[in-house]
Amino acid sequence: MKMSDTKDVTLTAKERRSIILQALRLNEQADRGFTLRIVMCEILSLANEYLFILLISFVTNGIASGKELSNLLASTAVIVAICLAAQIAVKFIKRRETSHKAKHDMRLRSMLNEKLMNMDYVHLEAPDMQNRYNMCLDYLFGWQGVSFVPTFTGDIAVDIFRIIIGVALIIPSVIRSSGKSGFVGFITSPLGFLCIVAVVTVSEFIKNLYFNRKTLNTYEDVRRDKRHLLSNRTYSAYMNYVVNNYRNGKEIRLYAEQELILEEMQRCVDENHKLWLAAFLKYQKYGIGFELMNLISGGVMYGYAILRAICGTLSAGEVIAFVMLFTRVLRGITGISNELTNFRLSAEHCKDVFDFLDISDKKYKGTIPTEKRTDNEYEFEFRHVWFKYPGSDQYVLRDINLKWRIGEKMALVGRNGCGKSTLVKLLCRLYDPTKGEITLNGVDIRKYNYEEYMALFSVVFQDSKLFSFSVAENVAASTEFNAERVEDCVRRSGLSERLDSMPDGIKTYLYKDFDEHGVEISGGEAQKICLARAVYKGSPFIVLDEPTAALDSISEHDIYTKFNSIVGTRTAIYISHRLSSCRFCDEITVMDHGEIVERGNHDDLIAAGGNYSKLWSAQAEYYRDTAGEIFG
């Protein structure tokens, strides 16, 4: 079942128990002793409650019976000392719990983020994946989520103790006979007390297992509603990527987009308000029944205590103690029924989280190590490769046959949407072919160890990302790096002048998210740093997907003239819409509608008069201005 479905997940009692135990283990994995500390705090707090009740009863009866003040004070001091010791223990445990909470929550979130970053790329691009991830965050830390299971466990343990201790302390006062006959005699007898307990218990279970469950389900339906998920995700996107991203400030002001953005955010708020308002109105219907059950329970309990007091079977102090103890027994019964409901819903929420964490990778990761060849003699080949995206019936690539060796420079060209980037993603094993195979030195690449195979590639995508770390950390993709090598790669990528102007050189932070002295860089400079990152990795195979798209013509010329020295002896696939950039490549592969339609060098393809020649002619005016300068 998808997390965005609105119907309840049907789980058996055994499945719910298994999921709750799994949630407890996950919390323990995040912070050892997390659940135990919560349970201990609750139990010690409960001990304080009952000691306080005994103290009130003892003092009230002592004063009523005329006991000596010294005896009352001595006994009171002992009880207060015990309460104080318990309270100090609670404070100590809570301090540790509070200090560990941030670490606990961070580790839980890290488990979710690690799964998101390491799952198969094909899962990451699934339309519902971001909804699932966002809901998992809610179900990880939200009410009735994974992190609240230890709290519910502590609550239900305390409720059980609350009932046991309360009943044990009440029993001595209810076994006394009132000496009355008839209905009053029956009610004040032990059997009558059991009937009173039964009535209150039934009332509480009806209240919590029916009315409370209905109200909780009302809100749960909203939380799973696709409209609610979409509104929350949209609002968060505006907050995180538009409003809170200072880099967007220029466009927002220049194009007066404030009203547009605020209206879109308000639309999300209104959609959610409408859903929650409907849920609240539905909630009120069940709330009447809920309060009626409260009235029945309270009326029966207090009526019973008053009746026994009138009959003389309870002293003043015992009346107070009885009401307080019975209230706590009632709270325990209510609490257990509440926690059972919470556990039921929590199990459904936790299941969504565990289903996300347990998403199985369909991609076979392989076991064969890649060859560590000193001669760099690698040969890649596409053999009758077909590919369509999951959930689609339309093939993006059709019968692709392609071969190249290390050291060759190949350009992939074609109109937008012809399949160039998809072909590269298949080569890098971000996807696997739907039909056919891709081989490395004659062996299907799916048989190679996945991590070792991925290490063969350095890729610069058109939308490659840099992070708010230092230049060196971005280039090395690590906190540990060879400073001289990083600087060499940055300079070779054409960023020497910009690097010299940075206050801390390669240790200068990019952007101002984490460092107020961070530097802002242009799109072209970012592409050059991405190119430096690809060179630093040192992989034998480099893929450049429109690496100069954000560069001016001078910078582009600089990259082209230095291309061989930048790439060296490595194989390079160059994807570009600017056909002038293809002339330095050994071979040009032309794609159209998911098929390879032409292959050859620039002069041969121009002479052939096919797709490449037509594309070249379409860009002729541009080439008259720049091609002669670059390649003349």
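**Exercise 1. Is Arg570 buried or exposed, and what is its relative accessible area?**

Before starting, note that this is a predicted model, where local features need pLDDT of at least 70, side-chain atom pairs count only at pLDDT 80 or more, and totals for chains, interfaces and linings use all residues. Residues are numbered from 1 along each chain as its sequence is written, and side-chain values use heavy atoms, with hydrogens and water left out.

Step 1: get the cut-offs. Buried means under 20% relative accessible area, exposed over 50%, and partly exposed in between (1.4 Å probe, protein chains only).

Step 2: apply them. Arg570 has a relative accessible area of 10%, so Arg570 is buried.

Step 3: place the residue. Arg570 sits in the loop between α20 (563-567) and β8 (571-575); helices (H or I, at least four residues) and strands (E, at least two) are DSSP runs, numbered from the N terminus.

Step 4: list the neighbours. Leaving out residues up to four places away in sequence, Arg570 touches, among others, Gly407, Glu408, Lys409 and Phe541, with contact meaning heavy atoms within 4.5 Å. Phe541 is 29 residues away along the chain, yet the two C-alpha atoms are 5.6 Å apart.

**Exercise 2. Work out how α8 is oriented against α9 and α11.**

Step 1: fix the geometry. Axes are lines fitted to C-alpha atoms, for helices over the stretch in contact, and angles run from 0 to 180 degrees between N-to-C directions. Angles under 35 degrees count as roughly parallel, over 145 as roughly antiparallel, 65 to 115 as roughly perpendicular and the rest as oblique.

Step 2: take α9. The axes of α8 (residues 190-224) and α9 (residues 226-243) come within 5 Å and cross at roughly 55 degrees, so the pair is oblique. On the α8 side the contact uses Val222, Arg223 and Arg224, and on the α9 side Lys226, His228 and Leu229.

Step 3: take α11 (residues 258-310). Its axis lies 9 Å from that of α8, at an angle of about 170 degrees, so α8 and α11 are roughly antiparallel.

**Exercise 3. Which residues of α22 are buried, and do they line one face or scatter?**

Step 1: collect them. In α22 (residues 611-618), Tyr612, Ser613, Leu615 and Trp616 are buried.

Step 2: look down the axis. The buried residues fall within an arc of 165 degrees (taken from the directions from the helix axis to the C-beta atoms), so they line one face of the helix.

Step 3: check the other side. There, Lys614 and Ala618 are exposed.
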